[in-house]
Amino acid sequence: MSSSSTRPTHLTVSTCNLNQWALDFTGNTSRILQSCRIARSRNSTYRLGPELEICGYGCEDHFLENDTLSHCWDCLATLLISGATDGMLCDFGMPVLHGGVRYNCRVICYDRRVLLIRPKTAMADNGNYREGRYFTPYRPVAGGSGETHALPSEFRRKFGQSSAPFGLHYVRTRDDVTLGCESCEELWAPRSAHIDLALRGVEIIGNGSGSHHELRKLSARMDLILNATKKCGGVYLYSNLRGCDGGRTYYDGCAMIVVNGRIVAQGPQFDVEEVCVVTATVDLEEVRSYRAANPAFGMQAVTLAREGGGQEGGMGALLYEGVCLINEENAIRPRRPEKDLELKVYSPEEECCLGPACWLWDWLRRSGAAGFFLPLSGGADSSSVAAIVAVMCILVTKASRENPQGDVAADCRRICRKDEGNSLWVPSTPQELANCILHTTFMGTDNSSEVTLSRAKRLGEAIGSYHLSIKIDLMVNAVLEVFRLTTGHMPRFASRGGTMTEDLALQNIQARLRMVTSYLFAQLLPWVRGRTGFLLVLGSANVDEGLRGYMTKYDCSSADLNPIGAISKGDLKRMLLFLSKEYPGFEVLGEIANAPPTAELRPIDAATATTEAGHSQTDEEDMGMTYEELGAFGRLRKIARCGPLSMFKNLVITWNHLAPSEVAAKVKRFFYFYSVNRHKMTTITPAYHAEAYSPDDNRFDLRQFLYNTKWTLQFSAIDEVVARYADEEVPDKDKND
């Protein structure tokens with residue numbers, strides 16, 4: 001028998017990223033089981049999984065169906081029968097109906113028994129999250145003794161267990177290991193659950209999360225995790241979903257294990273693999289020593305113990321003598337790196353291409369499509385989409401070649417229609433894969449320039465896409481001729497004597513016919529190439545254009561998917577410049593990024609056309625505002641929750657290079673075009689969610705789409721504020737420079 005001083009205090013723990021799919025119970029269970037087997041093969045005695053991993057986080061209103069809950073219990077039983085929890089404590093995420101109330105729960109199991117059902121106490125209800133629509137935040141029963149949940153009858157038949165503890169308990173094992181739960185939003189709450197758990201002596205805290213990607217969000221999330229244990233000490237495991245589970249969001253993984261504020265293991269944020277298990281060996285003695293050295297921690301822990309309660313109550317320990325997480329008899333020599341890890345955070349330019357690339361891969365392989373079709377204009381937006389697909393091809397090719405028998409390679413063969421027999425074909429280069437799945441077409445008219453035609457062709461060659469260049473003037477002229485025969489009138493561009501109404505109609509018909517042509521080619525190009533299947537049409541309208549409504553309704557912005565619909569023009573340009581330097585052969589992206597954006601829907605005016613744009617029509621001139629200004633308007637409108645007046649009050653201070661009346665005019669102009677075009681957001685293409693000021697009307701930005709565009713009271717209030725400012729001389733920026 002070992003003495004207390006020589007008794008082992010090391011144990012190996014695992015957390016994971018899982019690419020789950022809403023309502024894919026069979027696939028989800030398989031991926032969970034795979035993660036458990038990997039964790040066990042690494043000698044782990046604790047495995048943590050993501051939030052709602054059994055059914056998928058994105059079930060949304062399917063959570064209201066009792067079928068969803070009952071199927072989760074079926075899957076949990078399958079996991080227990082398969083031996084997932086044999087000798088290993090597993091923390092699963094699933095919904096549970098308790099006392100007629102639906103809860104978002106953690107279900108902790110060991111040796112085919114349910115040890116604890118721990119409900120979530122704080123719901124995520126901001127942005128894309130609607131947890132309060134489906135779940136109720138748990139509040140403990142009076143007295144803090146906890147509750148008992150009656151398990152489905154099959155658990156009594158198969159495992160001899162009819163009930164399990166339900167509440168905010170934590171688990172204490174025979175070898176004196178204490179383990180508790182904190183679920184996603186609870187970490188972000190002002191009074192996080194891990195604080196009380198730590199003060200009660202809980203050494204290991206598992207956070208099963210369902211956190212989606214947003215540009216520049218990861219650092220904030222990781223800071224919370226690091227600070228949680230830096231302040232309170234402890235072992236903190238973070239598990240997250242990773243991938244697209246059937247909607248606009250991409251869950252961005254980054255499973256992590258932190259000890260006393262130090263990162264000891266971290267999983268990738270973006271990847272095309274479905275299962276990633278992160279493992280570390282931790283020493284609980286380090287946690288105990290760290291906490292004991294902090295007088296403030298000791299004082300608060302004693303105070304909590306004396307009071308006999310806490311912020312939630314009902315958080316007592318459940319002692320399980322049959323559970324042992326530290327192997328004392330056949331101890332395996334613990335191994336871990338000598339140095340702690342540095343937090344890996346991608347730059348926004350990398351996030352812009354990696355996140356949407358992985359999102360598109362999930363859509364492609366799960367939709368049954370044979371590839372993508374992209375109208376490629378040679379401008380920054382459509383070129384960004386093409387570049388994102390190119391990055392997807394790079395990731396998939398790398399994963400396929402590293403493991404030709406893996407799931408990624410199998411999906412690749414199926415999509416490329418090379419899965420007959422026992423073939424282990426994998427693409428030799430990303431360009432070979434792109435030629436199979438990406439179809440790009442330049443749809444020019446008499447108003448298109450040779451510059452954009454050349455850029456589109458060179459980009460298609462660099463990526464390896466199946467590229468075509470066509471003219472659609474025949475279609476445009478045919479539609480206009482039908483109009484002339486019907487009405488006796490033929491519209492003209494403003495530069496040729498027409499009105500702005502005629503001019504806009506002539507621009508829109510070109511744009512809308514490109515959408516019709518896109519779907520025709522998407523259906524028939526696989527047939528033309530002797531293949532089967534269909535192509536998903538990709539859109540390429542950025543978040544700033546959607547915000548202002550600078551797009552034609554049902555033009556090429558109407559598609560099946562839009563990977564850049566929530567990314568700003570500025571971020572896209574920086575991404576293009578990054579890729580032009582990162583990947584040899586992609587230099588044309590730098591040229592595209594530096595070119596002035598142009599719609600090329602009006603006739604070219606040779607007198608005003610620039611060499612860089614190749615055209616006389618530019619986006620910013622048409623919009624009456626710059627993309628940088630649009631970004632500022634978008635962040636204030638959505639993130640800072642500003643109406644017209646508060647937006648003006650903010651900008652009149654920060655835009656001090658403009659007179660107050662000029663700032664007021666810009667704010668009014670923005671809100672006019674935003675409101676008059678808001679209806680376009682009701683039909684917007686499903687877009688990858690990347691930006692906190694996305695104007696997506698369907699799930700994220702919930703506002704009306706019929707406005708009084710005069711904003712009478714709001715604009716009058718702005719005018720009153722402008723009148724208070726004395727006339728002032730605006731500094732000459734050039735002189736100051």
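The following exercises, each with a worked solution, concern a predicted model.

**Exercise 1. The crossing of α10 and α12**

Determine how the axes of α10 and α12 are oriented to each other, and identify the residues that make the contact.

Solution.
Step 1. Helix α10 spans residues 348-367, and helix α12 spans residues 407-415.
Step 2. Their axes come within 10 Å and cross at roughly 60 degrees.
Step 3. Roughly perpendicular begins at 65 degrees and roughly parallel ends under 35 degrees; α10 and α12 are therefore oblique to each other.
Step 4. The crossing is left-handed.
Step 5. From α10, the contact draws on W361, L364 and R365; from α12, it draws on V408, D411, C412, R414 and I415.
Step 6. Sorted by class, these residues comprise five nonpolar, no polar and three charged.

**Exercise 2. The buried residues of α12**

State which residues of α12 are buried, and which helices are included in what covers them.

Solution.
Step 1. The buried residues in α12 are V408, A409, D411, C412, R413 and I415.
Step 2. Their cover includes α10, α11 (380-402) and α13 (430-437).
Step 3. An α-helix has 3.6 residues a turn, so residues three or four places apart point the same way.
Step 4. Beyond the helix, α12 is followed by R417, which has a positive phi near 60 degrees.

**Exercise 3. The crossing of α11 and α13**

Describe the crossing of α11 and α13, and give the classes of the residues in contact.

Solution.
Step 1. The two axes approach within 8 Å and cross at roughly 115 degrees.
Step 2. The handedness of this crossing is right-handed.
Step 3. On the α11 side, the contact is made by M392, C393, I394, V396 and T397; on the α13 side, by P430, L433, A434 and I437.
Step 4. The contact has eight nonpolar residues, one polar residue and no charged residues.

**Exercise 4. The surroundings of S580**

Establish whether S580 is buried or exposed, and describe what surrounds the residue.

Solution.
Step 1. S580 belongs to helix α18, residues 569-582.
Step 2. The relative accessible area of S580 is 12%; because buried means under 20%, S580 is buried.
Step 3. Leaving aside residues up to four places away in sequence, S580 touches F586, E587, L589 and G590.
Step 4. For G590, the separation from S580 is 10 residues in sequence, and the C-alpha atoms are 5.4 Å apart.
Step 5. A polar atom of the S580 side chain lies 2.7 Å from the backbone oxygen of L577.

**Exercise 5. Two further buried residues**

Report the relative accessible areas of R106 and T445, and the partners of each residue.

Solution.
Step 1. R106 is in strand β4, residues 101-110, and is buried at a relative accessible area of 2%.
Step 2. The R106 side chain forms a polar contact of 2.8 Å with the side chain of D91.
Step 3. T445 occupies the loop between β18 (438-444) and α14 (450-463), and is buried at 4% relative accessible area.
Step 4. Not counting residues up to four places away in sequence, T445 touches K471, I472, D473, Q510 and R514.

**Exercise 6. Positive phi in loops**

Locate L23 and D111, and classify the exposure of each.

Solution.
Step 1. L23, a residue other than glycine, has a positive phi near 70 degrees; L23 is placed in the loop between β1 (10-18) and α1 (25-41).
Step 2. L23 is partly exposed, at a relative accessible area of 33%.
Step 3. D111 is likewise not a glycine, and its phi is positive, about 50 degrees; D111 lies in the loop between β4 and β5 (113-119).
Step 4. D111 is partly exposed, with 37% relative accessible area.

Methods:
Residues numbered from 1 in each chain as written. Predicted model: local features only at pLDDT ≥ 70, side-chain atom pairs only at ≥ 80, totals over all residues. Heavy atoms only, no water. Helix = DSSP H or I, 4+ residues; strand = E, 2+ residues; numbered from the N terminus. Buried < 20%, exposed > 50% of the residue type's maximum accessible area, 1.4 Å probe, protein only. Contact = heavy atoms within 4.5 Å. Polar contact = N/O pair within 3.5 Å; in protein donor to acceptor, adjacent residues only side chain to side chain. Axes fitted to C-alpha atoms, helices over the stretch in contact; angles between N-to-C directions. Parallel < 35°, antiparallel > 145°, perpendicular 65-115°, else oblique. Left-handed = near helix turned anticlockwise from the far one by under 90°. Nonpolar A, V, L, I, M, F, W, Y, C, P; charged D, E, K, R; others polar.
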